[in-house]
Amino acid sequence: MVIDEAGFAMLLARAGLTLPEAVAAELRGAFPLLQAMTARNGVPPDRAAEPAMIFAPASPELPR
Amino acid sequence: MIPSIAEAARQIAARTLSPVELLNACHARIAAHDATLHAFLLRTEARALADARASEARMMRGALRGPLDGIPIAHKDIYETAGIRTTAHSRLLEHHVPTQDATTVRKLAEAGTVLLGKLATHEFAFGGPSFDLPWPPARNPWNPAHFTGGSSSGTGAAVATGMILGGTGSDTGGSIRNPAALCGLAGIKPTYGLCSRAGILPLAYTLDHAGPLAWTAEDCAILLQAMAGHDPLDPASSDRAVPDFRAGLHQGVRGLRIGVVRHFHEHDVKVSAATAQGIETSIATFRQLGAQISDISLAPLADYAACGYVILLTEAYAVHQPWLQSAREQYGELFRDRATMGALFSGAEYVQAQRRRRELVAGMAAAMDGIDLLLCACQSGEALPITEVAKWASLETPSFTMPFNVTGFPAMSVRAGFGAGGLPVAVQLVGRPFGDATVLRAAAALEAATQWHMRRPDLVQ
């Protein structure tokens, strides 16, 4: 799952990052490690499956 | 002979050990070894002396505050300390002096501890071991050419050599258990929510845990007792009552049901011969002590790594985004490049990881139905040479520690022998949520039966 230079530059731009060429190239080389992780996580088959991070309604930090 | 916290506390209570003398012994070990090991980023000598004198005065008037009164400790340098520089081992915070203590710092101070200073970490608890920061990385006391494990690296080195008797760490993917394992001590990542994170510089909000490192399980129990408890300043803090972690500590493991997660080290990620031997010896010891042993299966290590690292990197990037965009050159290379990877995930990928996390938590809880503890590998082997830790190692090879950051279950590193290179190896004990006392109890039983804790690094023997 190799990402081309243009595609990777778009990801960096979306994040607001301008990197030296050599650094960008190194990170692009490691990017397949991230792709493998997101592929492994997949998408739960149950549309209603909630994320782990859910606030309880009574949480004191929520506005009342 | 370096006393444990429990032993020093007994002697202080009996007035046979002066907190000031105990402090001076720690100072002597720091003077002898810290130039090699680089455990301390900052020493607070005047504060330590004032703390020790105050403790001694309490001792003399019979007003000791408990087993931590007069005990020399230090904090990982991501714990904020009022009036004392807190750098996260980073140039970005080189001159940062907080105005308030972290909740756990305050609680440990109120327990009467003696604060010796601030300890090395990986930059912001993630970027190490690094050689391009204002301070060098800590080194392993069993062989200073080797890595301490991280990121609570200074705490690992300082406790192993008796520069302090205990200290604080934080654990987002293994940062308490790694240095505990590789420096040959005890370290517990408590249940998520048990110890406040307020005032501790965050790495990844939903994975960060605060906890202690010390020489023995009993010492960890003593420190955890002071650190644990509800804190309204931490939105993840649990309001459950904190049990007495020492109450059943020496009751042994007879009747405890221990599930061995054999596929972690036999199939998912291979371990060294010494680590495999340490695991088998620990299993045999628990069986001999009366525990019921069975094998159980969890999701593959790679599943926890995938979930955990998408969350860790994304949250770490969110914390550091402003500086990574505007002051990027001030970070060390390792933190900068690792954290930048978190910018590359989409919002949907982060949410899918958090959804997967809920499945993994449910799966681990189901697997522990009828089981009191898990036993599994903690590290794949002895500490590597410090110059051989690869930048992307944690993304390439799943760790044995991340599963319990993903699920928040309590997990502890306990010694399990020594490898061919003479450095320590360890096993990991894992409890049910808020079963921290059971984890400590099993660790104490293993220590008592194996006696690995009687051996210190050669340089302090």
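**Exercise 1. How many residue pairs are in polar contact across the interface of chain A and chain B, both at pLDDT 80 or more?**

Solution. The rule finds 13 such pairs between chain A and chain B, with both residues at pLDDT 80 or more. A polar contact is a pair of N or O atoms within 3.5 Å; within protein, one must be able to donate a hydrogen and the other to accept it, and residues adjacent in sequence count only if both atoms are side-chain atoms.

Next, find the elements involved. In chain A, α1 (5-14) and α2 (21-41) each supply at least two residues of the side that touches chain B. Helices here are DSSP runs of H or I, at least four residues, and strands are runs of E, at least two, numbered from the N terminus. The largest share of that side comes from α2(A), with 11 residues.

A note on the model: it is predicted, local features need pLDDT of at least 70, side-chain atom pairs count only at pLDDT 80 or more, and totals for chains, interfaces and linings use all residues. Residues are numbered from 1 along each chain as its sequence is written, chains are lettered from A and ligands numbered from 1 in the order written, and side-chain values use heavy atoms, without hydrogens and water.

**Exercise 2. What area do chain A and chain B bury between them?**

Solution. The two chains bury about 2900 Å², 65% of it on carbon and sulfur atoms. Buried area is the accessible area (1.4 Å probe) lost on putting two parts together, summed over both. On the chain A side, Met37(A), Arg40(A) and Asn41(A) lose the most area to chain B, together 21% of what that side buries.

Now count residues. The contact (heavy atoms within 4.5 Å) takes 33 residues from chain A and 38 residues from chain B.

**Exercise 3. Which residue forms a salt bridge with Asp303(B)?**

Solution. The partner is Arg40(A), with the closest N and O atoms 2.5 Å apart. A salt bridge needs a side-chain nitrogen of Lys or Arg within 4 Å of a carboxyl oxygen of Asp or Glu. Across the interface of chain A and chain B, the rule finds two salt bridges.

**Exercise 4. Is Ser238(B) buried or exposed?**

Solution. Start with its place: Ser238(B) is in the loop between α7 (217-227) and β7 (257-260) of chain B. Ser238(B) counts as buried because its relative accessibility is 16%. Buried means under 20% relative accessible area, exposed over 50%, partly exposed in between (1.4 Å probe, protein chains only). Leaving aside neighbours within four places in sequence, Ser238(B) is in contact with Gly193(B), Gly229(B), His230(B) and Phe434(B).
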